[in-house]
Amino acid sequence: MLEWFKTPSGSYNLTLILSIIAWFLAGVGIIAGFNHYKVKTQDATEKAKKADSLRIEMEEQLNEAKSELNAIKTPRTLTQTQRDKLLELLKKSNKGKVVITYLSVERDAESYAKELLAVLTESGYLATLSKHLWLQLAYDGIYICAWEPDTVPYFATDLQNAMKEVGIKVTGSYQPDFLETLKVPRDAVALVISNKKYD
């Protein structure tokens, strides 16, 4: 094989050998450069994917924050559909005494309490609105407060279920001292409109 590199006089053709080596090194350099470019391109693609994923995540967080802000700014109120359905359900339910009270420092609580009072009264409940000034309540959201777990009136369960059916989240609690302060009769419950609850 080395005979290819010899001149007619029998000596090695250094120019040819050096040219072949140069071509070989150039080829290796091109391949290395291509591989380097390929690696850099893959790296850039990965970084772009990560940046895009981060952007999507940040957009989702921003949309969630906007939604929460809107929920804070939007006052609670009964839609006409909710009102009509709630009235229909409560007219068919067990009736009883309900004292409605609300968190005085919550911007929409009083008006929402009055809306619920109107529906309960129209449906046949013996509902009243307490004038008690509450600056703080035990729980967030809307809840029905009974005297004891063993003495929850049937109508309280009907009221809770009806409200849930129209999309109003209502929990239950037992606070004798709270009811005592409100002067709630033993055969009644309190419907409490506290501050907005966020899940």
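1. Start with the surroundings of R76 in this predicted model. Setting aside neighbours within four places in sequence, R76 is in contact with E106, D108, A109, Y112, E115, I142, I193, S194, N195 and K196. R76 itself is found in the loop that runs between α1 (14–73) and α2 (80–91).

2. Is R76 buried or exposed? R76 has a relative accessible area of 14%. Buried means under 20%, so R76 counts as buried. A student looking at the structure should therefore not expect to see R76 as an exposed residue, since its value is 14%.

3. Two kinds of polar link involve this arginine. The side chain of R76 reaches the backbone oxygen of S194 at 2.8 Å. R76 is also part of a network of salt bridges that links it with D108 and K196. S194, D108 and K196 are among the residues that R76 contacts.

4. Another of the contacts of R76 is I142, a residue of strand β3, which covers residues 142–146. Five of the five residues of β3 are buried, so the strand is largely enclosed by the rest of the structure.

5. Which way do the residues of β3 point? I142, I144 and A146 point one way, while Y143 and C145 point the other way, and all are buried. The general rule behind this is that side chains in a regular strand alternate between the two faces of the sheet.

6. The pairing of β3 should be read one partner at a time. With strand β4 (residues 170–174), β3 pairs in the parallel sense, over five bridges. In β4, G172 is the bridge partner of I144. From β3 the chain passes through helix α4 (residues 154–165) to β4, and this β-α-β crossover is right-handed.

7. The other pairing to check is with strand β5 (residues 188–193). Here β3 pairs in the antiparallel sense, over four bridges. L191 in β5 stands opposite I144. I144 can thus be used as a reference point when viewing the strands: G172 is its bridge partner in β4, and L191 is opposite it in β5.

8. How many salt bridges does a search of the whole structure find? The search finds seven. One of them joins E88 and K85, with the closest N and O atoms 3.8 Å apart. E88 and K85 are three residues apart in helix α2, so about one helical turn separates them. Both are partly exposed: E88 has a relative accessible area of 40%, and K85 has 31%.

9. E88 has a further partner. Its side chain meets that of K92 in a salt bridge, at 3.8 Å from N to O. K92 is exposed, with a relative accessible area of 62%.

10. What does the salt bridge between K97 and D187 connect? The closest N and O atoms of K97 and D187 are 3.1 Å apart. K97 lies in strand β1 (residues 97–102) and D187 in the loop between α5 (176–182) and β5, so the pair ties together parts that are 90 residues apart in sequence. K97, at 32% relative accessibility, counts as partly exposed. D187, at 41%, also counts as partly exposed.

Note on methods:
Residues numbered from 1 in each chain as written. Predicted model: local features only at pLDDT ≥ 70, side-chain atom pairs only at ≥ 80, totals over all residues. Heavy atoms only, no water. Helix = DSSP H or I, 4+ residues; strand = E, 2+ residues; numbered from the N terminus. Buried < 20%, exposed > 50% of the residue type's maximum accessible area, 1.4 Å probe, protein only. Polar contact = N/O pair within 3.5 Å; in protein donor to acceptor, adjacent residues only side chain to side chain. Contact = heavy atoms within 4.5 Å. Pairing = 2+ DSSP bridges. Right-handed = clockwise from strand over helix to strand, strands pointing away. Salt bridge = Lys/Arg side-chain N within 4 Å of Asp/Glu carboxyl O.
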